[in-house]
Amino acid sequence: MAYQPEFAELIVQALTRLDRSPAWLAQRLGVNPSTVSRWLNQSGRPADPETVVRVADILGLSGQVQGLLAAAGYGYVEGSEPSEAAAPTPVAPTPAAPSLPELPPARRHNLPVSLTPLFGRTQEETELTDLLTRPDGRLVTVTGPGGMGKSRLALAVGSALLARFPDGVFWVALAPLQQDEEMVTAIAEAVDFPFQRDKRSPQQQLLDYLARKEMFLLLDNCEHLLDGMSLVGEVLAAAPHVKILATSRERLHLSGETVYGLAGIDYGEANDSPSDAVQLFLHSVGLVRPGYRPEREELVQAARICRLVQGMPLAILLAATWAEVLAPSEIYAQIVRSLDFLEADLRDLPERQRSLRAVFDHSWARLSAAERSVFARLTLFQGGFTWEAAQTVAQASLRGLMGLVQKSLLSRSPAGRFEMHELLRQYGAEKLRRMAGEEEAVRARHATFYLDWLRDLAMAIYSARQLAVMGELKADWENIRLAWASAVEREQAALLAGAARTLAYYCEWYGLYYEGVALFQRAREGLVGNETVSGQMARIQLLLSQARFERLLGRPVACAQLLDSAENLLEQLPTTDADIRPLQVHLLSERAELLINTDKTAAMAVAQRSLALYKVLDDDPAMAAVLFMMGEISSKTGDKIVTIPILEESLAISRRLGGPREIADKLRNLGFNVSSIGQWQQAEAYVREGYALTQGIGNRASLVQAERDLGGIAQWWGDFAAAEEVHTRCRRAFDELGDRYRSLETGMLEVLFMTQQAKYSEAEGLGQVMLAAAREMEQKEIEGSILLFLSRVAQAEGRVEDAYGLAQASAAVFAASGGSRVPGIAYTALAIAAFDLGRPDEAHSHITQALEVGLRSGSLTSLWICIATAGLLKAYGGDLLRAVELDALAMSNPQIANDRWHADVVRRPLLERIAHLSADEIAQARERGRALDLKTVAAEVLAELRMQEI
């Protein structure tokens, strides 16, 4: 058979899906990259059918082997189909565990797509690649004047090295940053690292995250942040497998830095083979004059232009834009005039900037007075802008913008945003500063436009447009920062207060907790002297917003102090017509959130007060949030009967509003609470719907959390091996993301699943690690759970004294934390250990406590374990037929039926004690037990135990 083009197409499609390069495939196959290139350009095929099969296996195309073989010209090959393993025979008819999808892969790179080819940099790319692949090539800085193409070259190097860095290659654009401190956030955003709510600073979190990575960072435009470049040295010191390529007009002055100076591209004499610079010029002319074919003389003039600007790529590109109206000879003549001027000893400019300024000055000279004004005003924008923003802030017409695009002073992205090269922006900013009073007026319009925009989005962030709105906010985040700073400088209280809600939501969405604190703190401090009613109300709003981020960062004392300050200001407000109820209820809701970990009863009371006031104000998003908080409070106290209706009401409001993030969070939370009352099918439906919504949100941290929730479904059906496998993957993913709390929470559940599979040694090892982490992070409820699971391990291994002590410690931690969903289970562990220690009265007391908690809370999960434990105690006490009934009832639950720990610790001694009963007696008792109602039996057993105490 002949080679078919479809073979190359299938390979390209698979590589695109996997976000992999042809070089990666060659490396996996152990062949030269040129071999794969020949396959893809259809100039060759794999040497044998076995290679095709290997390609299919590597690319996940095992189901298409015969098609690949045919496309490669080999036809059908015997035995190339994937083998089918025999399905295991089920031991008992138990519900099928749900299928668990794979976690989404970590992002491999964020390299921007270049729309133009790279001319004349083959040697530079090779040399930089060589430097960076050496063991000591940790930091390379590409230096040179603006416009030399440092960024474009760095992008090419990053693309070439993608396959060498398993954890990815990431582009960090530093040009929009205003302060050194913003570098930490910029790098974190580029590598997709969300900051966590713990006591470490953002910088330390980032360093801890990078420490385990084999990653390549491209830091673009460093020159204005040189004072903050010590961060680069700290990254290299903390992360031995991270390499950095920086672009800057100046070296970074760091130890181990290799400086690579970049000059212009080759602009040699014109001949039959045009120089690289001339090719770049001709390509650029072709963009403004499609079909352009230069004459011999025009090639000569093009070469003269390239020599005049010394091969500077940006100058060549700008020169070519004039080809719409000027011949190459005229372009040359215009540049000569400016170069003569710059060569006339303009000492206030560095020499390396003189030719670049000549190009910019000529661009400026080509503009009309109106275009100059618009261009200068546009330079205030940071990181691009929309047409609406340009119209309002810079008073630009659409025709004027398009004129600047045609002159290559602006570009328009596929998303419709206008962008300006940073060097052009700096040039235009100088012009703006020279326009008397203009800069101040533009800044004022800029602040008003963006902060009013935030105010108007206060409800849209909870709506069905949520994802689109968050994308718009992210695109304009640098403009929002600048607008906020301008409003703080001008003490514009109303603007700041109006924008606060949306700004806080954005910071929380993207995990910018530290930045949230800083933004709101600077704003409120800027209004300290403003004693007007609007100024005081704005300060209260800003205090409450800052307090929220202090709480999210685990700093309750700072949070409480800010809330107290807000309350004092509220009390001091003079009687006016201003409606202060939104501030009062905001204060109440933040108080309730703060009280959850110290006094859940008080927290519930305050939350109920805030809910009532939000209903009066008709603030649906806030009502949904407070109801969700109330559901969490009641869930932590174990009151499932109250919890579920509250969460259902919260979900109903969020569904009506349409925000996918809020709906997904509430669905998954509701699923787990519904599972605790035995409604597993409904719980699974909730969790799966929440997972589907989370996939649409696209946040990797949320996706991993939702994936872990899917693992919980396997637990409900008693498939503990599947549950453990999912949780192990998720814990590692949380570690990669730097999310210590969720990693700890997930590890705690792994310990449980290990005990349920009788993997006691592994459970002990991981449990001790997780216990130390829980104590370090002061996570009391997780600490209590881990102590309980370690008590179970000790019980299974016959270490009864240890089991009793660990169970006591677990119960004490839970009691100190103000209640939780598992203390009833802790009492069952104490009951078993007490009986083994020869303390039957104490054992009965503990099982009584466990049943009381389970019946009061409505948690069937707790009651199943109580009934199973009560069956053992009945057997110990000689009530053997009742023990068989309770055992049969417990074994109807798949979680208990498949729990190896239960089989070892509870069921084995029970079966030993009923062994002398007849088979008929046991069969009849089991039949009675399977017909029993769980809650009814739990109440009966509790009454029996209480009678024994009398």
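The following legends describe close-up views of a predicted model, beginning with the whole chain and moving on to individual elements.

**View 1. The chain as a whole, with its 46 helices and 7 strands.** In this predicted model, buried residues make up 54% of the 950 residues in the chain. Among the contacts in the chain with a separation of 6 or more, 71% are accounted for by residues that lie 24 or more positions apart.

**View 2. An open sheet of 5 strands in the order S2-S3-S4-S1-S5.** The pairing in this sheet is parallel. The edges are taken by S2 and S5, each of which has a single partner strand, so that one side of each is left without a neighbour in the sheet. Direction ignored, neighbouring strands of the sheet are turned by 20° against each other on average.

**View 3. Strand S1 (residues 139-143) and the strands it pairs with, S4 and S5.** With strand S4 (residues 242-248), S1 pairs in the parallel sense over 5 bridges, and the bridge partner of Thr143 in S4 is Ser248. With strand S5 (residues 257-261), S1 again pairs in the parallel sense over 5 bridges, and here Leu139 of S1 stands opposite Glu257 of S5.

**View 4. The two covered faces of strand S1.** In a regular strand the side chains alternate between the two faces of the sheet. On one side of S1 are Leu139, Thr141 and Thr143, on the other are Val140 and Val142, and all of these residues are buried. Because 5 of the 5 residues of S1 are buried, this strand is largely enclosed by the rest of the structure.

**View 5. Strand S2 (residues 169-173) beside strand S3 (residues 215-220).** The two strands pair in the parallel sense over 5 bridges, and the bridge partner of Val172 in S3 is Leu219. Although S2 stands at an edge of the sheet with a single partner strand, 4 of its 5 residues are buried, so S2 is largely enclosed by the rest of the structure.

**View 6. The crossing of helix H32 (residues 680-697) and helix H33 (residues 700-716).** The axes of the two helices come within 9 Å and cross at roughly 160°, which means that H32 is roughly antiparallel to H33. The crossing of H32 and H33 is left-handed. From H32, the contact is made by Trp680, Ala683, Glu684, Val687, Arg688, Tyr691, Thr694 and Gln695. From H33, the contributing residues are Ser702, Leu703, Ala706, Glu707, Asp709, Leu710, Ile713 and Trp716. Taken by character, the residues of this contact between H32 and H33 divide into 9 nonpolar, 3 polar and 4 charged.

**View 7. Ala475 in helix H21 (residues 466-475) and its surroundings.** With a relative accessible area of 33%, Ala475 is partly exposed. When residues up to four places away in sequence are not counted, Ala475 touches Gly383 and Arg417. Ala475 and Gly384 are 91 residues apart in sequence, while in space the C-alpha to C-alpha separation of this pair is 8.0 Å.

Terms used:
Residues numbered from 1 in each chain as written. Predicted model: local features only at pLDDT ≥ 70, side-chain atom pairs only at ≥ 80, totals over all residues. Heavy atoms only, no water. Axes fitted to C-alpha atoms, helices over the stretch in contact; angles between N-to-C directions. Parallel < 35°, antiparallel > 145°, perpendicular 65-115°, else oblique. Left-handed = near helix turned anticlockwise from the far one by under 90°. Contact = heavy atoms within 4.5 Å. Nonpolar A, V, L, I, M, F, W, Y, C, P; charged D, E, K, R; others polar. Buried < 20%, exposed > 50% of the residue type's maximum accessible area, 1.4 Å probe, protein only. Pairing = 2+ DSSP bridges.
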